[in-house]
4 protein chains.
Amino acid sequence: MTHDEISEAVAQITRTIPFNQVIGIRVERFEVDHVQVAFDMRPELVGNIPRKILHGGVISATLDLVGGVTALASVMRDREVSSIEEVGEVFSNFGTIDLRVDYLRPGAGETFVATGYVLRVGRRVAVTRMELHNETDVLIAVGTGTYITG
Amino acid sequence: MTHDEISEAVAQITRTIPFNQVIGIRVERFEVDHVQVAFDMRPELVGNIPRKILHGGVISATLDLVGGVTALASVMRDREVSSIEEVGEVFSNFGTIDLRVDYLRPGAGETFVATGYVLRVGRRVAVTRMELHNETDVLIAVGTGTYITG
Amino acid sequence: MTHDEISEAVAQITRTIPFNQVIGIRVERFEVDHVQVAFDMRPELVGNIPRKILHGGVISATLDLVGGVTALASVMRDREVSSIEEVGEVFSNFGTIDLRVDYLRPGAGETFVATGYVLRVGRRVAVTRMELHNETDVLIAVGTGTYITG
Amino acid sequence: MTHDEISEAVAQITRTIPFNQVIGIRVERFEVDHVQVAFDMRPELVGNIPRKILHGGVISATLDLVGGVTALASVMRDREVSSIEEVGEVFSNFGTIDLRVDYLRPGAGETFVATGYVLRVGRRVAVTRMELHNETDVLIAVGTGTYITG
């Protein structure tokens, strides 16, 4: 598969996960060392009605996901795959070991973009750094994640 | 308000938060140093369809919430409140500063119970430890949270 | 080797590490699921002279070590070893992946005891929880560590 | 005091802390949003003799310190101080709430530089991100710290 086909496969796999649909996460960029996912504010995602800001769980779920996809992008660089099923198999062997989230500013906004950067990818464990911004580029939260990569 | 009335107020406030409704979180116990919330497995909460396990974001959202409610239980011990609105005001001044989640075992099960324990409550910052078990008492995840308490 | 011989080997290996000597760490208990190390207050370990309290780095170093030794105790349960060199080899394949430390109260006291508990030990990764108390049983800090186990 | 005088005061205060002397930490840069401390490899700092690499506790202690000094640089920007004692008072009201350290690569090298960046500084709490490199610019560890700022 070409890189573009793998990228499309990852976006498709991400969409099929039920709780990702609840949040409305879409993979927008899938490059080695730069992965980006996005989602839009919707009433169900609110954690504080008067202030209309995101629930912390939406933020942690999105940072966790973007970290995992970031690790996947690094791992896929060195693998030959020939079908979306094979991409899915590689990804389903991934798992979050632990996650830190720092909530820096209220999750206000209309569209949110989470980006991931690789800190280290080894044979067994990957470490990534993640950030969440809104559409006016306010840094809402950062995170660090450690993942089993198979 | 009596402790039982405050406890019922906290349960009610928790239920009104939209994203808590998405997960189906209910506050089942609200004692100083021991808070418990629960939710049931539902198709929307799945992160891996073939294995039918919880999405990591459901786990982090629930641990974050139970830590915050645990800190609230400690803070409320020393405060006089006379209405649900006042309880809501105290809680709305809370905010998660940071959160660590350790995903120990797959989130398989029918009902999940998250418990919180206070490590320290100060005038400004509270630190709590959290655990998530399923109905057969398997320890699925633990966490540590730091909260602004007003 | 018997469990007591392994326990003595671990204590000896720990003592030979230069920076452990700087802190004065001694392994006092080496049981599966319960490991304990201790050290005494000394002028070099101070982080705040007027208040005579431990430097945060002494606390994080000790929690990191006790977590690693705790993971080692679990891993050694299932391994046959016949020499201190072999114990050393197993331990030298260990490494801390990440560590969280929560500083709860000032590190005042004369003797400090750090205990470790296993949360999960897998083939590749172990997760442990750690606590630091002083001689009057004040809980000074807690931590969570993730370790590569070989 | 001018910024340069404050910068020199912070370097001096840092040097007087006993455990910083054990590590040999020196403050080399004290700018808002960019703080840098350094130390040299010495036999006492070793955690693994055959591989001659830093003990994890040296790394966590240094990252913790640089994060605190980074938060201090931000807080000092808005404060008028007239003596080194006053700078010392502001700093002694600081305290680490919690710290995450990710150990990415073995701590091999001759000189190590830790840098800190502010993620958020509020009236009560600051959050910083830290990195440790060796003299050949290998990224050895990263961290995130949350600090009480008085």
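This report walks through the strands, the chain contacts and one loop residue of a predicted model.

**The shared sheet**

Start with the sheet that spans chains A and B. It is an open sheet of 12 strands, and the pairing is antiparallel. The order is β1(A)-β2(A)-β6(A)-β7(A)-β8(A)-β5(A)-β5(B)-β8(B)-β7(B)-β6(B)-β2(B)-β1(B). At the edges stand β1 (26–31) of chain A and β1 (26–31) of chain B. Each has a single partner strand, so one side of each is left without a neighbour in the sheet. On average, neighbouring strands are turned by 20 degrees against each other, direction ignored.

Where do β5(A) and β5(B) stand in the order of the strands? They stand next to each other, between β8(A) and β8(B). Both β5 strands cover residues 95–103 of their chains, and they pair in the antiparallel sense over 5 bridges. Asp98(A) has Asp102(B) as its bridge partner. For Val101(A), the bridge partner in β5(B) is Leu99(B).

A helix also packs on the sheet: α3 (residues 56–77) of chain A. In chain A, helix α3 touches β1, β2 (34–40), β5, β6 (111–121), β7 (125–134) and β8 (139–148). It also touches β5 of chain B. The direction of α3 makes about 45 degrees with that of β6(A).

Now look at the hairpin of β1(A) and β2(A). These strands run antiparallel and are joined by 5 bridges. Arg26(A), for example, stands opposite Ala38(A) in β2(A). The hairpin has 2 residues between the strands. Within this hairpin, Asp33(A) takes a positive phi near 75 degrees.

**Two contacts of chain B**

Chain B touches chain A and also chain C. The table sets out the two contacts.

| Contact | Residues from each chain | Classes on the side that touches chain B |
|---|---|---|
| Chain A with chain B | 27 residues from chain A, 27 residues from chain B | chain A: 13 nonpolar, 9 polar, 5 charged residues |
| Chain C with chain B | 8 residues from chain C, 8 residues from chain B | chain C: 4 nonpolar, 1 polar, 3 charged residues |

Take chain A and chain B. On the side of chain A, the elements that give two or more residues are α2 (18–23), β3 (46–48), α3 and β5. Which element gives the most to this side? It is β5(A), with 9 residues.

Now take chain C and chain B. On the side of chain C, two or more residues come from each of β5 (95–103), β6 (111–121) and β8 (139–148).

How are chains C and B related? A rotation of 180 degrees, with 0.0 Å of shift along its axis, superposes chain C on chain B. The RMSD is 0.0 Å. That is the relation of a two-fold axis. In chain C, Arg100(C) comes closest to the rotation axis, at 4.0 Å (C-alpha). Of the interface residues of chain C, 100% are also interface residues in chain B, so the copies meet through the same surface.

**A loop residue in chain A**

Finish with Ala108(A). It lies in the loop between β5 and β6 of chain A. Is Ala108(A) buried, exposed or partly exposed? A residue is buried with 20 or more other C-beta atoms within 10 Å, and exposed with 12 or fewer. Ala108(A) has 16, so it is partly exposed.

Which residues does Ala108(A) contact, leaving aside its neighbours within four places in sequence? They are Lys52(A), Ile53(A) and Asn134(A). Lys52(A) is 56 residues away from Ala108(A) in sequence. In space, the two are 6.7 Å apart, C-alpha to C-alpha.

Methods
Residues are numbered from 1 along each chain as its sequence is written. Chains are lettered from A and ligands numbered from 1 in the order in which they are written. This is a predicted model: local features need pLDDT of at least 70, side-chain atom pairs count only at pLDDT 80 or more; totals for chains, interfaces and linings use all residues. Two residues are in contact if their C-beta atoms, placed from the backbone, lie within 7 Å. Helices (H or I, at least four residues) and strands (E, at least two) are DSSP runs, numbered from the N terminus. Ala, Val, Leu, Ile, Met, Phe, Trp, Tyr, Cys and Pro count as nonpolar, Asp, Glu, Lys and Arg as charged, and the others, Gly among them, as polar. Two strands pair if DSSP finds at least two bridges between them. Axes are lines fitted to C-alpha atoms, for helices over the stretch in contact, and angles run from 0 to 180 degrees between N-to-C directions. Copies are superposed by least squares on the C-alpha atoms of residues with pLDDT of at least 70 in both.
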